[in-house]
Amino acid sequence: MIYVSTRGDAERRHFCEILLEGLAPDGGLYLPERYPQVDAGTLEQWRALPYADLAFEIVSLYIDDIPAPDLRVLCRKTYTAEVFGTRAIVPLRKLDDASTSPARTDVYLEALSNGPTLAFKDMAMQLLGNLFEYELARRDEQLNILGATSGDTGSAAEYAMRGKQGVRVFMTSPHGRMSPFQQAQMFSLQDPNIHNLAIEGVFDDCQDIVKAVSNDLDFKRKYKIGTVNSINWARLMAQVVYYFAGYFQATASPHPRPLPGGEGAKPQKVSFAVPSGNFGNICAGHVARMMGLPIDSLVLATNENDVLEEFFRTGVYRVRSSADTHETSSPSMDISKASNFERFVFDLLGRDAGKVRQLFGEQLARTGRFDLSADPAFRQARERYGFVSGKSTHADRVATIRDTYERFGLMIDTHTADGLKVARGHLSPGVPMIVLETALPIKFAATIVEALGREPERPARFVGIERLPKRVTVLPADVQAVKGFIAGHCG
Ligand SMILES: *Cc1c(COP(=O)(O)O)cnc(C)c1O
């Protein structure tokens, strides 16, 4: 498989060449040259596979520079019941039942948050950690990952890279601004290759420092600085797998199975609802749909930060200023622009890289917005690609958390609540709706207490985590201080 840039000016590359990179050199994002097609017969063969083997079948379609037996070992090492809590890895739980719900639709929750950090980012990051270790060993190279986090991404990266040969992590976070649980999760790691840097500033200061260090090309080369942000293709690719796994579970029974390749066989369709921020999670759903997975709608849910909801409703994409970016109770969706969105626009515009370059490289940089409302391509977002959108507020989250607990005895987190709320506005009779659970409630306890008047349940392995010794260095919001720390801890 060959990868191309959404802006068309970068060299065509193989998977391992883009694995350790971020943006393409022309400022675009990498995508496979085409989407491999999965026919009905292959789908039915995959239905019975354990998750790790399903992952192998899917990712091997995208990777031609790792020998298949090695790739299978990496997948089996990643997706284990020990790491993800169940043999199913991403079990489905039914909420609304078609026979009793007014919408005559089954609504399911797909559990993606039982990995080491209790958020869906583990699903991809755990595979990324094993791929990095494999590729660095093969090249006999080292990599120093520098990142900025306000919570979920940083901890998922640290838990994926801990103890890995050839990799060090330097993760900046705003000092004293993460939840006590999130701080404990990250700072209790004692692995010598993991470095927590608490920056005396806000999240934007951390991001600015990371950018400044990455823009110093001499420093970057000398200290082999890399990133693991959400634009990495390998993360997106790993996320495609759980769309297939969710589909198989929701259509296992009592729906009749389609006849593989048979005359007139119409596979059962399902829809997915996805709590969205940077468009990484739902972009993987788009890829799964392009591969032929029978997805009816992709329901994009935002919180009050509604950049994407607005686009899919109106055709206008408008980057928000920081004054216009709200701090909400679903903080992992608090974005001002969506860093993976360019990938979808590339497909929407018929892969016209010149047009993408003009929109993202020029118009957005100049005016902060573009408008596709008059472009026939915009109508295709819904008709051809299945995208619809909706928005949820703090009051909606609280009401949804309360309703879910009362009716099903289940505590859901604030982001998942946004997804469930928006999903129920887009149900079609007979089309199962799968809501992706993106975190467990323990990570966002304050809103659970507000909604339910009690503390969220805590998985046994996290009891008392706040009392563990912490490994963290507090640094001023200063590029030189961070560079000095990195230089002093490499080699
Ligand atoms: C990262 C994250 C999201 C947003 O996912 P994107 O891929 O950025 O759209 C939603 N919920 C939680 C809990 C997250 O950590």
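Reader: What makes the approach of phenylalanine 279 to the ligand a polar contact?
Author: A polar contact is a pair of N or O atoms within 3.5 Å; within protein, one must be able to donate a hydrogen and the other to accept it, and residues adjacent in sequence count only if both atoms are side-chain atoms. A backbone N or O atom of phenylalanine 279 lies 3.1 Å from an oxygen atom of the ligand, so this pair falls within the limit of 3.5 Å. This is a predicted model, in which local features need pLDDT of at least 70, side-chain atom pairs count only at pLDDT 80 or more, and totals for chains, interfaces and linings use all residues. Residues are numbered from 1 along each chain as its sequence is written, and side-chain values use heavy atoms, with hydrogens and water left out.

Reader: Which residues around the ligand come nearest?
Author: A residue is near a molecule or strand if one of its heavy atoms lies within 4 Å of it. There are 15 residues around the ligand, and Lys121, Asp152, Gly277, Asn278 and Asn281 come nearest. Asparagine 281 brings a backbone N or O atom to 2.9 Å from an oxygen atom of the ligand, while an N or O atom in the side chain of threonine 438 is 3.0 Å from a nitrogen atom of the ligand.

Reader: What makes helix 12 largely enclosed by the rest of the structure?
Author: Helices (H or I, at least four residues) and strands (E, at least two) are DSSP runs, numbered from the N terminus, and buried means under 20% relative accessible area, against over 50% for exposed and in between for partly exposed (1.4 Å probe, protein chains only). Of the 11 residues of helix 12 (residues 280-290), 10 are buried, and therefore the helix is largely enclosed. The buried residues include Asn281, His286 and Arg289. Contact means heavy atoms within 4.5 Å, and the buried residues of helix 12 pack against helix 11 (233-250), strand 9, strand 10, helix 14 (341-348), strand 13 and strand 14 (433-437).

Reader: Why are strand 3 and strand 13 said to stand at the edges?
Author: Two strands pair if DSSP finds at least two bridges between them. The open sheet has 6 strands in the order 3-4-14-9-10-13, with mixed pairing. Strand 3 (92-94) and strand 13 (387-391) each have a single partner strand, so one side of each is left without a neighbour in the sheet. The twist from one strand to the next averages 25°.

Reader: How do you know that strand 9 and strand 10 pair?
Author: Strand 9 (residues 270-275) and strand 10 (residues 295-302) run in the parallel sense and share 5 bridges, so the requirement of at least two is met. Proline 275 stands opposite alanine 301 in strand 10.

Reader: What makes a set of residues a nonpolar core, and which residues have the most contacts inside the largest one?
Author: Such a core is a set of buried Ala, Val, Leu, Ile, Met, Phe, Trp, Tyr and Cys residues joined through side-chain atoms within 4.5 Å. The largest has 117 residues, and Tyr243, Phe244, Phe279 and Phe341 have the most contacts inside it. Helix 11 gives the most to this core, with 14 residues. Apart from this core lies another, of 22 residues, among them Val398, Val422, Val435 and Ile448.

Reader: Why does serine 5 count as buried?
Author: The relative accessibility of serine 5 is 3%, so the residue counts as buried. Serine 5 lies in strand 1 (residues 3-5), and its side chain makes a polar contact with the side chain of aspartate 26 at 2.8 Å. A polar atom of the side chain of serine 5 also lies 3.0 Å from the backbone nitrogen of arginine 7.

Reader: How do you know whether phenylalanine 170 is buried or exposed?
Author: Its relative accessibility is 0%, so phenylalanine 170 counts as buried. Phenylalanine 170 is found in strand 6, and, leaving aside neighbours within four places in sequence, its contacts include Leu146, Leu197 and Phe485.

Reader: Where does strand 6 stand in its sheet?
Author: The order of this open sheet of 5 strands is 8-5-6-7-15, with parallel pairing, and its edge strands, strand 8 (225-226) and strand 15 (473-476), each pair on one side only. Strand 6 (residues 167-174) is joined to strand 7 (residues 194-200) by 6 bridges.

Conventions: Axes are lines fitted to C-alpha atoms, for helices over the stretch in contact, and angles run from 0 to 180 degrees between N-to-C directions.
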